[in-house]
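Morning, everyone. Let me put the structure on the screen, and then we can walk through it.

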Amino acid sequence: MRIFMAILGIIMAICGISCVCTPVMTFLEAGYFLVILLLVYGIATIIRSVAEKNYGLPFLFGILSVILGVVIMVVPGLKLMTDGMLIYIMAAWFLVQGIVEIFVSFKLKKLQEGKGWIWTLIFGIIGVLVGIYSFVHPLLLAFTFGILVGAYFIESGINMIVMALTAPKAEK
């Protein structure tokens, strides 16, 4: 599981670098990025939660992410509407994901030895701040969308790598 999380984190960080390097193209294709992000994150979170037998808030958020990704992909016309509302959807995503990461960091603090949980807390706070900023300045988010999404992919990828490297080994 730790190797899977590390590999997924590396892939997310590479995708983030691509988004930062091509911000206009990222905005134009953002609906597809959103569906991919929701599906990959949701599936990874569900797998991690089932493996750890932790069916709390992250598990629920993973299920909701998969459902939303599938609905956006399948329902005709919803993709077009999603592109128009994407700025607010991403602002809400940043905010909620940041809050979840903050809760996870406090759970990790209890489970882990060391300071790895601090990175999850820092990245959660960054996610909350980006979400609030995006709601307050939606037009600015439209211009910086590719860079913010890319930065968030990089941050989430690094966070997954750190969590994989600092997670306690499963007892057999």
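Helices here are DSSP runs of H or I, at least four residues long, numbered from the N terminus. By that rule, Phe 59 sits in helix α4. One caution before we go on: this is a predicted model.

Let's stay on Phe 59. Is Phe 59 buried or exposed? The cut-off for buried is under 20% relative accessible area. Phe 59 has 18% relative accessibility, so it counts as buried. What does Phe 59 touch, leaving aside residues up to four places away in sequence? Thr 45, Ile 46, Ser 49, Val 50 and Asn 54. Now take Ile 43. It is 16 residues from Phe 59 in sequence, and the C-alpha to C-alpha distance is 9.6 Å.

That leads to the helix pair. α4 covers residues 57–74, and its axis comes within 7 Å of the axis of α3. The two axes cross at roughly 150 degrees. Over 145 counts as roughly antiparallel, and α3 and α4 are therefore roughly antiparallel to each other. The crossing is left-handed. Who makes the contact? On the α3 side, the list includes Leu 38, Leu 39, Gly 42, Ile 46 and Val 50. On the α4 side, it includes Phe 59, Gly 62, Ile 63, Val 66 and Met 73. By class, the α3 contact with α4 has 17 nonpolar residues, six polar and no charged.

Between those two helices there is a loop, and Lys 53 lies in it. Look at the backbone there. Lys 53 has a positive phi of about 50 degrees, although it is not a glycine. Buried or exposed? Lys 53 is exposed, with a relative accessible area of 68%.

Next, the other partner of α3. Helix α1 is residues 2–21, and α3 is residues 30–52. Their axes come within 12 Å and cross at roughly 165 degrees. So α1 and α3 are also roughly antiparallel to each other. α1 passes α3 in a left-handed crossing. From α1, the contact uses Phe 4, Met 5, Leu 8, Met 12 and Cys 19. From α3, it uses Phe 33, Leu 37, Val 40, Ala 44, Ile 47 and Arg 48. The residues of this contact divide into 10 nonpolar, no polar and one charged.

Cys 19 came up there, so what about disulfides? A disulfide is a covalent bond between the sulfur atoms of two cysteines. How many does a search of the whole structure find? Zero. Why does Cys 19 have no bond to Cys 15? Cys 15 holds the closest cysteine sulfur to that of Cys 19, and the distance is 6.8 Å, too far for a bond. The cut-off is 2.5 Å. Seen from Cys 15, the closest cysteine sulfur is in Cys 19, at 6.8 Å. The surroundings of each can be read off too. Cys 19 counts as buried, at 1% relative accessibility. Cys 15 is partly exposed, with a relative accessible area of 31%.

On to the C-terminal side of the picture, starting with α6 and α7. Helix α6 is residues 116–136. It packs against α7 at an angle of about 165 degrees, with the axes 10 Å apart. That makes α6 roughly antiparallel to α7. Their crossing is left-handed. The α6 residues in contact include Trp 119, Phe 123, Gly 127, Val 130 and Tyr 133. From α7 they include Leu 141, Leu 148, Tyr 152, Glu 155 and Ile 158. The classes here are 14 nonpolar, six polar and one charged.

Two residues of α7 deserve a stop. Ile 147 is in this helix, which spans residues 138–166. Ile 147 counts as partly exposed, at 42% relative accessibility. What does it touch, not counting residues up to four places away in sequence? Val 20 and Pro 23. Gly 16 is 131 residues from Ile 147 along the chain, yet their C-alpha atoms are separated by 8.4 Å.

The second is Ser 156, also in α7. Ser 156 is buried, with a relative accessible area of 10%. Its contacts, again leaving out residues up to four places away in sequence, are Met 12 and Glu 101. Met 12 we have met already, in the contact of α1 with α3.

That's the tour. Over to you.

Definitions and conventions. Residues are numbered from 1 along each chain as its sequence is written. This is a predicted model: local features need pLDDT of at least 70, side-chain atom pairs count only at pLDDT 80 or more; totals for chains, interfaces and linings use all residues. Side-chain values use heavy atoms; hydrogens and water are left out. Axes are lines fitted to C-alpha atoms, for helices over the stretch in contact, and angles run from 0 to 180 degrees between N-to-C directions. Angles under 35 degrees count as roughly parallel, over 145 as roughly antiparallel, 65 to 115 as roughly perpendicular and the rest as oblique. A crossing is left-handed if the near helix is turned anticlockwise from the far one by less than a right angle, and right-handed if clockwise. Contact means heavy atoms within 4.5 Å. Ala, Val, Leu, Ile, Met, Phe, Trp, Tyr, Cys and Pro count as nonpolar, Asp, Glu, Lys and Arg as charged, and the others, Gly among them, as polar. Buried means under 20% relative accessible area, exposed over 50%, partly exposed in between (1.4 Å probe, protein chains only).
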